[in-house]
Amino acid sequence: MSHVEQRYDSEPGPDEEELLADVEVRHASQRTESRGLRLKLGLSFFLFGMINNVLYVIILSAALDLVPPSTPKGIIAFCNIFPALVAKLGWPYLLKGRIHYARRLVGCTAISMGGMLVVALFNSLPMRLLGICCASFSSGLGELTFLQLSTRYHPPSVAGHSVGYFASGTGGAGLVGALLWWELRGLGVRFGVGISSVLPLIIPFTYFILLPQPERFASTELFSAEEDEDSAMFTSYAPLPRSEDDSSVLAAEPEAVVKAHVALSMQDKWQLAKPMLVKYMLPLFCVYLFEYTINQGISPTLVYPVPTRETHWAMSLLIHSIRDYYPLWQLVYQSTVFLSRSSISLGLPPLPRQLLPLPAIVQSLILCTLAYESARGIFGDAHSGLSFALVFFLICVEGVCGGLAYVNVFYRVNQEQHDDGARGTDADAERAKQEREFRIGSIGLADSTGILIASLLAVPTEIGLCQAQVARGKVFCQSL
């Protein structure tokens, strides 16, 4: 056979070319579908995170308007975090069996709306505090539920994708909530809070209408080309069983079709939680303890003379009175938290497991530095411009550390769920699901405990720092 004939024989015939073209078209269609599913999944979890946390921010922003002037504002912060801590402690550790997501989220929506309506319709302090407690409980249970829901998605990159966008949504809630209340407060407390009470309706709408079903991501054919290199660090996963009892997380989840009745015991849960105490919970607890001690106890005392255009032109654009400093620090903090919590959803690599304690270490240094600046003044009272720049920079770093700690801890816990390996029976598969849900749900206890302890430390911290300022002749904190 000649070289020409050999070359001709090696070229694809018409049938082969048509087959290759069909394969290319099918792969292009799969890539388009994959991108569409990921977009809907990311948007769904972003809305879950934002709406679940936005009422928390609105209540804190409206604290001055919700209680009489003689009432300590710390009581609002306490009622806004303690019920959430109860939810995060009670549901993962005390309740047994499988999670009925649809039922739980509808319940969270009803409790949240009811709590905000109580705040809007009643003027008495006890009733308003009751409404705030209801909204807080719903927010804590909702955050726990959405993080657990992320464990139902496979492969690992898809599960991490959902956690990344949920964290981004929780960060965005700080900015959206503060801005929303700024616009609504002019309508009055009753009308503003009443309008806010409809926001939780977005959660069931997103859950039933927008959120893709988990089994749509379980097709390895669809996502084989989409898996990034990071997933190579994880072991192979076993797709969720297609049995009747798990046909869809989004369905009504009828109990009658559940074949495997499995419930983790307290001993099982302790064995799962014990390895995570130092690795995940302690770093997250420390970050939130330091972070909220700074925000509630130190930041209110970081005040300086009102700048003029002649002395500090840039500062004068932002600060017009002594009372502008604290809202500015909160805006800087919320903005950097949003950006850092969005790091994974923006495509940045997660922190290595060995570096998870790093944000807490940095936060402790920031806390000590800002406390010294408040009490003594690093540059002295004559250099308020340098002090302002230092505080601005440190609060930016504080927000970055807080956001990175949150998104990376939950991302790492979410990814650990794929190390279970293949399971045999329906009971084994159901147990594996419950173990994954418990692992990520149990972590939330750490951040809420840190916030609660920080709220108790903040009052004596603020008083002590203000007294130290007055002792050196700086009395701005007394006029707030």
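Modeller: Helices are DSSP runs of H or I with at least four residues, strands are runs of E with at least two, and both are numbered from the N terminus. E416 is found in one such helix, α16 (residues 384-416). This is a predicted model, where local features need pLDDT of at least 70, side-chain atom pairs count only at pLDDT 80 or more, and totals for chains, interfaces and linings use all residues. Residues are numbered from 1 along each chain as its sequence is written, and side-chain values use heavy atoms, leaving out hydrogens and water.

Colleague: Thanks! How many helices and strands does the protein have?

Modeller: There are 17 helices and 0 strands.

Colleague: Is E416 buried or exposed, and how do you know?

Modeller: Buried means under 20% relative accessible area, exposed means over 50%, and partly exposed is in between (1.4 Å probe, protein chains only). E416 has 14%, so E416 is buried. In the protein as a whole, buried residues make up 52% of the 480 residues.

Colleague: And which residues is E416 in contact with, beyond its sequence neighbours?

Modeller: Contact means heavy atoms within 4.5 Å. Setting aside neighbours within four places in sequence, E416 touches K279, Y280 and R353.

Colleague: What makes the pairing of the E416 and K279 side chains a polar contact?

Modeller: The term needs a pair of N or O atoms within 3.5 Å; within protein, one must be able to donate a hydrogen and the other to accept it, and residues adjacent in sequence count only if both atoms are side-chain atoms. The E416 and K279 side chains are joined at 2.9 Å, so they meet that limit. The side chain of Y280 also makes a polar contact with the side chain of E416, at 2.9 Å.

Colleague: Let's turn to S343. Why is S343 called buried?

Modeller: Its relative accessibility is 8%, so S343 falls under the cut-off. S343 sits in the loop between α14 (325-341) and α15 (358-375). Its side chain reaches the backbone oxygen of S340 at 2.9 Å, and, apart from neighbours within four places in sequence, S343 is in contact with L348, L404 and V407.

Colleague: S340 belongs to α14, I see. What covers the buried residues of α14?

Modeller: The cover includes α7, α12 (276-298), α13 (313-318) and α16. Among the buried residues of α14 are W329, Y333 and S340.

Colleague: How do you know that the span of α6 agrees with what is expected?

Modeller: The expected span is 1.5 Å times one less than the number of residues. For the 26 residues of α6 that gives 38 Å, and the end C-alpha atoms are 38 Å apart, so the two agree. α6 is also mostly covered, with 20 of its 26 residues buried.

Colleague: Which residues form the nonpolar patch on the surface?

Modeller: F78, F82, V86 and L456 form the patch, with about 340 Å² of accessible area together. Such areas come from the Shrake-Rupley method with a 1.4 Å probe, and for residues only the protein chains shown count as cover. Helix α4 (residues 74-94) gives the most, with 3 residues.

Colleague: What makes F78 eligible for a patch?

Modeller: Patch residues have over 30% relative accessible area and no salt bridge (a side-chain nitrogen of Lys or Arg within 4 Å of a carboxyl oxygen of Asp or Glu). Like charges are joined within 9 Å, and nonpolar side chains (Val, Leu, Ile, Met, Phe, Trp, Tyr) within 5 Å. F78 has 34%, so F78 passes the area cut-off while being partly exposed.
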